[in-house]
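Ready for some practice in reading a protein model? Work through the exercises below with the structure open beside you, and try each task before you look at the solution.

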There are 2 protein chains.
Amino acid sequence: MADITAPPSETQLKSLLRALDDLDLPALTALLRPLSAIQVVDVLERLDVHERAVLYRILPKDRALEVFEILPPSLQGDLVGALQDDAVAALFADMDPDDRVELLDELPATVAGRLMHGLPPDERELTAVVLGYPQRSIGRRMSPEFVSVRPTMTTAEALTRVSAGLDDAETVYMLPVVDDERVLIGVVSLRRLLTAVPGTTIVEVMRPPHWARATEDAETAARRCADLRVLALPIVDNETRLVGILTVDDALQILETAESEDQARIAGTEPLRRPYLTAPVVSLVRSRVVWLLVLAIGATLTVQVLEVFEATLSEVVTLALFVPLLIGTGGNTGNQAATTVTRALALGDVGPRDLGRVLLRELRVGLSLGLLLGGLAFAVTSLVYDRSIGTVIGLTLVSLCTMAATVGGAMPLIARAIRVDPAVFSNPFISTFVDATGLLIYFTIARAVLGI
Amino acid sequence: MADITAPPSETQLKSLLRALDDLDLPALTALLRPLSAIQVVDVLERLDVHERAVLYRILPKDRALEVFEILPPSLQGDLVGALQDDAVAALFADMDPDDRVELLDELPATVAGRLMHGLPPDERELTAVVLGYPQRSIGRRMSPEFVSVRPTMTTAEALTRVSAGLDDAETVYMLPVVDDERVLIGVVSLRRLLTAVPGTTIVEVMRPPHWARATEDAETAARRCADLRVLALPIVDNETRLVGILTVDDALQILETAESEDQARIAGTEPLRRPYLTAPVVSLVRSRVVWLLVLAIGATLTVQVLEVFEATLSEVVTLALFVPLLIGTGGNTGNQAATTVTRALALGDVGPRDLGRVLLRELRVGLSLGLLLGGLAFAVTSLVYDRSIGTVIGLTLVSLCTMAATVGGAMPLIARAIRVDPAVFSNPFISTFVDATGLLIYFTIARAVLGI
């Protein structure tokens, strides 16, 4: 049996592209048949919008739905634009409400409106429930289709209700228990129901629930679902009434997107909304140019600092030789601290109230690093140049590392405290700040030691 | 009902710490009672090793197991060291084989051996199966406890087998279907079993399986489980025989650890093996100093490049003013490209064979960014300084951005092709490389334009 999860081979890909160019439909159908859904997605991601629509139309109906469901929302949006309305309406009606909302966010308002209108009334209502919550809230990403049970039911009655809900509910493996006011009072796993002695009531087998509020940040709720290692997390409103359910696979997708955004922002780019190879060059430029410009404008601060010390520089040109090395090391130290603390924040290991402890730790770490690097640099530079240059470089590294680690460690916590995304606020800004401050420290120490 | 998932309040934390200092056990018990397991973990992460053992011993037995299971493996290791042997043996026997293996990796060999020896024979065998696979392989992280069904069984027979396996199996919600040679031939969900018409056989309701090989990289397999949005992925040996199962919650944990490692390496630090606040300062220093030193040594390249151009520098000191700005912008451009491509690699959107397409895209992106920034810099610098300096800065930015984006985009793919972790190989190295090359470009252009 062939491995159906490996990416399609180079040969398969080339034959497919050739058949696409020739619009050789029988060949295309034959080439697509042995591919699994995930392999078809892999192929689709390598095509342009037009080719993608052609290839997609060739897929048999059930294959098409399977492929559509695991396609990134941005490519789903492209396809919806390229396909005929009736095909889209059928696809749209078959999707889960939470996936549907994600796709709606990708589409132009008129297309979204037309699609919503074409839904059966009950599906339209469920989608509207999800759309009612603010963007980025877990209410937007939860599924409003769930099976809940009552504490007074017997396990057999609960199993009957599960059977009735099997077709629609997002999951039946974790069942929320609610009282007469729909308030969440417990959870019970399908596994527990199956092992229960006949006649047991739900109240005897349920466990106290974990939950998230529908208005809560989607990433926070998804992280909790992951940390708790549960298959699903009930979502409640402000009165703790059950309104939906977050399944672990949706939690996973949320966390993945959040990681991508964090990583992009740490490097000073806007996150791409689509797979790399399908993003037009102009979107790649757009995702980077603003940050690059902002950072370059920030970096003019270093030009100004250096101008102030231009006289010192022209007197001892040797000082200029170490500028890239020193600011590079300062930047690296700051980035290390910022990344470590940003990650600890994302994992919930530290919070803004730990600012004092983090500052103290990073001060000690930075000082240790500075003493190690500074000592080494003093020894080497004293040998290669002279002792006074060695002293300047050594002392600069000690102060620079201490300053950079402390600032780098504090920044993400300050960002969180003032409710800015720590990833947006951190690494590139820290580099720029550390560059300018570092030069100031360097030339101040140089003037003092060299007596100029 | 109080929110049991929010972190404990500052007041609760302070009272707990005070009671711990006073060793006031009744007060501690009372303070711990209202906390959920996840809140207790939150408290434990803020304590030192000794306090942690004291607090843990106070927990009632079932609470203790619940807390232990969601504790990070490094802290589990600490606790095992601090608790008495019989308490540890009981805990250890209650864990799942895959979690047990993770804990064993954390412990000194003698302690690990003693614990393995204390296990009941069947549990010991299961753990040994998992331990037989190479480190970082999915075989190490899979669960060897699963329920499988045969294609010839009726759905009712399969359900009976599920009921029998309910207590031990890691999951019963996704069932692998195997033939007489234990070869994986399909999967069927519990949900599908429950909806089947009586008398249906498994072969009629099973779907073709996705799977991972036990020797495959754990992160690759976990990513596949996440991408496919399945609750569990069957794990097979080289003959496609079923040997275990990867559940989505374990996949999630693997991906989370991998993300942490990638983010750490992108910033040039070694990943921390424990939560930030519990890591001793000396481990923080150790996780950063090697990289910092390697990068600083790499950066001496910039000192050497500048030495070559020292005469040019002392003739036109103004050139020194722009060094931090230029290398900063080059580094940012390179990092943006490297991070975008590293992420695309991690998500499977590109592979080493896409090198040509990525190079071409990054060349175009870099050139566009260079023309935008260079044009702007030319205009501003010509006004503030003079047209010849403006020309130097403008031309440098165009070449620098093009070079940096192309190198930055190619690096992660080259790293993957030569089987090095792209995250280890990328951002800080790119910065160092771009710094040195950028200075070379800058001074070459300056000499040509200024005629010196």
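A polar contact is a pair of N or O atoms within 3.5 Å; within protein, one of the two must be able to donate a hydrogen and the other to accept it. Keep in mind that you are looking at a predicted model.

**Exercise 1. Describe where domain 1 of chain A meets domain 2 of chain A.**

Solution.
- Step 1: find the parts. Domain 1 of chain A runs over 10–136, domain 2 over 155–266 and domain 3 over 280–450.
- Step 2: place them. The C-alpha centres of domain 1 and domain 2 of chain A are 28 Å apart.
- Step 3: look at the contact. Six residues of domain 1 of chain A touch nine residues of domain 2 of chain A, and about 630 Å² is buried between these two domains, with 32% of it from carbon and sulfur atoms. On the domain 1 side, A:D98, A:Y133 and A:R136 lose the most area, together 67% of what that side buries.
- Step 4: search for polar contacts. Two residue pairs in polar contact link domain 1 and domain 2 of chain A. The domain 1 side of this contact consists of one nonpolar residue, no polar ones and five charged ones.

**Exercise 2. Decide whether A:R136 and A:E261 form a salt bridge.**

Solution.
- Step 1: recall the cut-off. A side-chain nitrogen of Lys or Arg must lie within 4 Å of a carboxyl oxygen of Asp or Glu.
- Step 2: apply it. From N to O, the side chains of A:R136 and A:E261 are 3.4 Å apart, so they meet in a salt bridge.
- Step 3: count. There is one salt bridge between domain 1 and domain 2 of chain A.

**Exercise 3. Describe how chain B meets chain A.**

Solution.
- Step 1: count the residues. In chain B, 121 residues are in contact with 121 residues of chain A.
- Step 2: take the area. The two chains, B and A, bury about 10900 Å² between them, 62% of it on carbon and sulfur atoms. Of the area that chain B buries, B:R191, B:R229 and B:Y276 supply 8%, more than any other three residues.
- Step 3: look for charges that pair. Twelve salt bridges are found across the interface of chain B and chain A; one of the pairs that meet in a salt bridge is A:R229 and B:D99, at 3.5 Å from N to O.
- Step 4: sort the chain B side. Helix α17 (residues 281–308) of chain B gives the most to this side, with 16 residues. The side divides into 66 nonpolar, 25 polar and 30 charged residues.

Note on methods. Residues are numbered from 1 along each chain as its sequence is written. Chains are lettered from A and ligands numbered from 1 in the order in which they are written. This is a predicted model: local features need pLDDT of at least 70, side-chain atom pairs count only at pLDDT 80 or more; totals for chains, interfaces and linings use all residues. Side-chain values use heavy atoms; hydrogens and water are left out. Contact means heavy atoms within 4.5 Å. Buried area is the accessible area (1.4 Å probe) that two parts lose on being put together, summed over both. Helices (H or I, at least four residues) and strands (E, at least two) are DSSP runs, numbered from the N terminus. Ala, Val, Leu, Ile, Met, Phe, Trp, Tyr, Cys and Pro count as nonpolar, Asp, Glu, Lys and Arg as charged, and the others, Gly among them, as polar. Domain bounds come from an automatic or database domain assignment. A polar contact is a pair of N or O atoms within 3.5 Å; within protein, one must be able to donate a hydrogen and the other to accept it, and residues adjacent in sequence count only if both atoms are side-chain atoms.
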